[in-house]
Each structure stands twice: as C-alpha cells, then as structure tokens.
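Please look through the model below with an eye to how its helices are packed and where open space remains. The explanation that follows starts from a single residue and works outward.

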Amino acid sequence: MNTIAKEIRTSENFQQLETQPNTTRTAGRAESLAARIEEGAANLAAFAEGLSEEEWRIPVSESGRYGRSVGVVVHHVASVYPIEIDLARTIASGKAVTDVAWTMIAELNAKHAHDQAGVTKAAALELLRRNSREAATAVRAFTDDELDRAAPFSLSYGAPVTAQFVIEDHALRHSWHHLARIRTALSR
C-alpha cells in the first residue's frame, strides 16, 4: 500500500472502513474525495454570492502581481474541473501525463482571463456548481486501485504520483486555494 493510502487510512472514518469488504472501501475513499470537492466548491460559491459588483471586479494577487479579477478566478476554478478530472483519469489508467507544463497552464489562464474578463457572477456560479458536481460524480466512480495507481505526471516534474494525489492537489485543492487568495485580496 502506498504512503498516501496509509495516511488516509489513519483517519477515523477510514479505520472503520478497513474492516469492511473492499467494495465498500472503494465507495468510501472515492466518496470522501468527492465530498471534499463539493465542500470546497460550496464554500467558494457561498463566499462569492455575497460579493458586491465592485468586489467581483477586484484583482487578485498571484505570484506577487495583481492580475485576474475575483470573478475571473471563480470562473477559472469552475472551468478547469473537467481538465483536472481528465488528468486524474489518465494517471488512474496507468498512463503518464507528459505533455502538460506550467508554462502551458499560465498561457491557458491568461487566455481565459482575457476571454472571461466580463463574466457575470450568475454565470460563474452556475458553472462552478455544475462542474464541481460533475467532477464529484466522476471521482465517486474511481476504485481504490485506480486511486492508488501512480504514473509520471509532468505538473509534478515527472514524479510518479497517484491518481488520488492528482485529485487532491488539483480538483479538490483548487477552490480552497483560490478562495484563500480572494479573501486576502478583499481583506476578509
């Protein structure tokens, strides 16, 4: 069993699941990841709903520079769920992800910021809710074996990481990460 799975098993919920048949454990691990994706998206949506139009347009600091507006960042989180899940599926299948680089991500983010500069709160929140729900549904379909499978991942500098790591570091963490930056930008 890999290190990530060992760490996960230490939580109270997973200790209980350890005594159950593998088919139940599969649903438990994937369900836990999916629930955390939904929680992060719900937190981001709840915070964003309460923002004024002025706050929606405030730029967020990224790497020491002010760039995308709060609204664009919320839409960004929503729009990349399908990509993040596809990356996890690729790793879960045992295939390496070698063709995605951080420079490519920066270019995509810049294009997205340009294309979505005027995104409305309603449109961004609707996309956030829909795509996070679909991402959580997709994650629920992963088996323990798929979550544990590792392959080289270019966004982790070629390190062989597990599909669970990709889910946690991307689809799951993304909303939490950007909500923290938005809160900082708004001094909240």
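Which residues does S132 touch, not counting residues up to four places away in sequence? In this predicted model, the contacts of S132 under that condition are I37, A41, Y81 and L127. S132 itself is found in helix α7, and it counts as buried because its relative accessible area is 6%, whereas the cut-off for burial is under 20%.

The helix that holds this residue can be considered next. Helix α7 runs over residues 121-140, and its 20 residues should span 28 Å at 1.5 Å a residue, which agrees with the 28 Å between its end C-alpha atoms. S132 is one of the buried residues of α7, and the others are K121, A124, L125, L127, L128, N131, A135, A136, A138 and V139. These residues cover an arc of only 160° around the axis, so they are placed on the same side of α7. On the other side of this helix, A122 and T137 are exposed. The general geometry helps in reading such a pattern: an α-helix has 3.6 residues a turn, so residues three or four places apart point the same way.

Helix α6, made up of residues 102-115, can be read in the same manner. It has 14 residues and reaches 20 Å from its first C-alpha to its last, close to the 20 Å expected at 1.5 Å a residue. Its buried residues are N109, H112 and A113. Seen down the axis of α6, these fall within an arc of 100°, and therefore they line one face of the helix. The face turned away from that buried side carries the exposed residues T103, E107, K111 and H114.

Helix α6 also leads to the largest pocket, in which about 900 Å³ of space lies. The lining of this pocket is formed by 31 residues, of which R68, H76, I105, A106 and N109 lie nearest its centre. The elements that give two or more residues to the lining are β2 (65-69), α5 (70-92), α6 and α9 (163-185), and the largest share, 10 residues, comes from α6. N109 thus appears in two descriptions, since this residue is among the buried residues of α6 and also among those nearest the centre of the pocket. Sorted by class, the lining has 12 nonpolar, 10 polar and nine charged residues.

Terms used: Residues are numbered from 1 along each chain as its sequence is written. This is a predicted model: local features need pLDDT of at least 70, side-chain atom pairs count only at pLDDT 80 or more; totals for chains, interfaces and linings use all residues. Side-chain values use heavy atoms; hydrogens and water are left out. Helices (H or I, at least four residues) and strands (E, at least two) are DSSP runs, numbered from the N terminus. The expected span of a helix is 1.5 Å times one less than its number of residues. Buried means under 20% relative accessible area, exposed over 50%, partly exposed in between (1.4 Å probe, protein chains only). The arc is that of the directions from the helix axis to the C-beta atoms. On a 1 Å grid over the protein atoms alone, a cavity is a set of points where a 1.4 Å probe fits but cannot get out, and a pocket is an open set with protein on both sides within 12 Å along at least five of seven lines; lining residues have an atom within 4 Å of a point. Grid points are joined across faces, edges and corners, and a volume is the space filled by probe spheres set on the points. Ala, Val, Leu, Ile, Met, Phe, Trp, Tyr, Cys and Pro count as nonpolar, Asp, Glu, Lys and Arg as charged, and the others, Gly among them, as polar. Contact means heavy atoms within 4.5 Å.
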